[in-house]
Amino acid sequence: MLATASAANHPGGLTRAQAVRRAAELADLGLRLFFDPSLSASGKLSCSSCHDPRYAYGPPNGESVQPGGPDGRQPGIRAAPSLRYLQVIPAFTEHYFDTEGPDPSTDNGPTGGLTWDGRVDRGRDQARIPLLAPFEMAGGSPAAVVARVRGAPYAAQVERLAGSSDSDRWFATILEALETWQQDHREFYPYSSKYDAWLDGAARLTARERRGLQLFTDPAKGNCARCHPATRGPNGTPPQFTDYGFAALGVPRNPRIPANQDPAWFDLGLCGPERTDLRSRPQYCGEFMTPSLRNAATRGAFFHNGAVHTLKEAVAFYAQRDSNPEKWYPRAAGGPVRKFDDLPEQYRKNVETGPPFGRRPGAAPALSDGEIDAVVAFLETLTDGYRAVK
């Protein structure tokens, strides 16, 4: 792929050795760009501000959404995701048929793509979004971003790789460099968790962690593995802990997001406002990408709107959403619990009701408090950087 992209920039084509050298240079440039706050309008926000390597390239704090914009203070509308384990996400398709699944004729619906709504497929297209978004780095335009880069210490490197001083070529090279660096497996898909070591026979799970794994995979309990597969792929690849699909979970409305102060405003995921091509598909409204659970324990905000702030709360939401809705949703004045309050009434039928959901109010939740703790203990084994105790 890199050779193809490089040949596009250099019509004469590249040898394999030249393509390898160019990829190494692009990765070096991408690293420098990623940590450079001068790319932002405020001069204070870099890619790493919201995607900190110390937190698995996710946010370094528990804020629901991260601040940005021209003054570095404008809040966004969605929680910043981790950039790890994106390398094998398939391109978005509205109708996904899993040829390696038990029934290849089953339409699994919308699948794949990057970002919470899957609206781009390539790393370079994903990088473009925060560079230009008015509530993120607020670059304004590709030309404005390039103007900032022309004053950077690595400007000559950009021009050499772009093969031109043309602004469009520079911007394309900036995006290509960010994409290339994020293909570094040591940083972005190391598979270095305790669970990976256990799968390789190089670590032991504690009794509590094993119990958590059992509950995680049990269809009658957590049923988490239905959307977050925990077993190796058919060719022995490590589990990604996501099926790359989309689901409407009915998470509660988050009052910490300023946009939510407008009662008429809703983030509907696949059908808007950020994604526009599926607005005519009401059956997708409220659906968001199923993220990988790798490194979930490093996060301080969960779900697309950062509505909960601990891993235990996130697991408890799945187990108790329907059996104990009063714990998660507000009550109307003197009235019933307002379930699924972050979706307009007409889209609430899209909300997932399969196990562990679907229990009647007042029934026993899908997981007890102790079982929730066990699932959390298992999820903590998915954090990269495990070192066996000798």
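1. Tyr329 is buried, at 4% relative accessible area. Phe340 counts as buried too, with 14% relative accessibility. The cut-off for that label is under 20%. Keep in mind that this is a predicted model.

2. Tyr329 and Phe340 form an aromatic pair. The geometry is edge-to-face, with 85° between the planes and 5.8 Å centre to centre. Tyr329 lies in the loop between helix 11 and helix 12, and so does Phe340. Eleven residues separate them, and the pair links distant parts of the chain.

3. The structure holds 21 aromatic pairs. Ring pairs also build a cluster, made of Phe34, Phe35, Tyr57, Trp181 and Phe188.

4. Two arginines deserve a look for their ring partners. The charged end of Arg150 sits over the ring of Trp170, 4.3 Å from the ring centre. For Arg253 the ring is that of Phe266, and the distance to its centre is 4.8 Å.

5. The largest nonpolar core has 41 residues. Which of them touch the most other members? They are Phe216, Phe241, Phe303, Phe378 and Leu379. Helix 10 (207–217), helix 11 (311–320) and helix 12 (369–379) each supply at least two residues of this core.

6. Phe378 can be followed further. Setting aside neighbours within four places in sequence, Phe378 is in contact with Tyr195, Glu209, Gly212, Leu213, Phe216 and Phe241. Two of these contacts, Phe216 and Phe241, are also on the list of core residues that touch the most other members.

7. A second core is separate from the largest one. This second core has 31 residues, including Val145, Tyr154, Ala177 and Leu178.

8. The disulfide count comes to one. Cys271 is joined to Cys285, with an S to S distance of 2.0 Å. The link is right-handed, with 135° about the S-S bond. Both cysteines sit in the loop between strand 3 (246–247) and strand 4 (288–289), 14 residues apart. Cys271 and Cys285 are both buried.

9. Why is there no bond between Cys224 and Cys227? The closest cysteine sulfur to that of Cys224 belongs to Cys227, and it is 9.3 Å away, too far for a bond. The reverse holds as well: for the sulfur of Cys227, the closest cysteine sulfur is in Cys224, at 9.3 Å. A disulfide needs the two sulfur atoms within 2.5 Å, so this pair does not qualify.

Methods: Residues numbered from 1 in each chain as written. Predicted model: local features only at pLDDT ≥ 70, side-chain atom pairs only at ≥ 80, totals over all residues. Heavy atoms only, no water. Core = buried A, V, L, I, M, F, W, Y, C linked by side-chain atoms within 4.5 Å. Buried < 20%, exposed > 50% of the residue type's maximum accessible area, 1.4 Å probe, protein only. Helix = DSSP H or I, 4+ residues; strand = E, 2+ residues; numbered from the N terminus. Contact = heavy atoms within 4.5 Å. Phe/Tyr/Trp six-rings, centres within 6.5 Å; stacked < 30°, edge-to-face > 60°. Lys NZ or Arg CZ within 6 Å of the ring centre and 35° of its normal.
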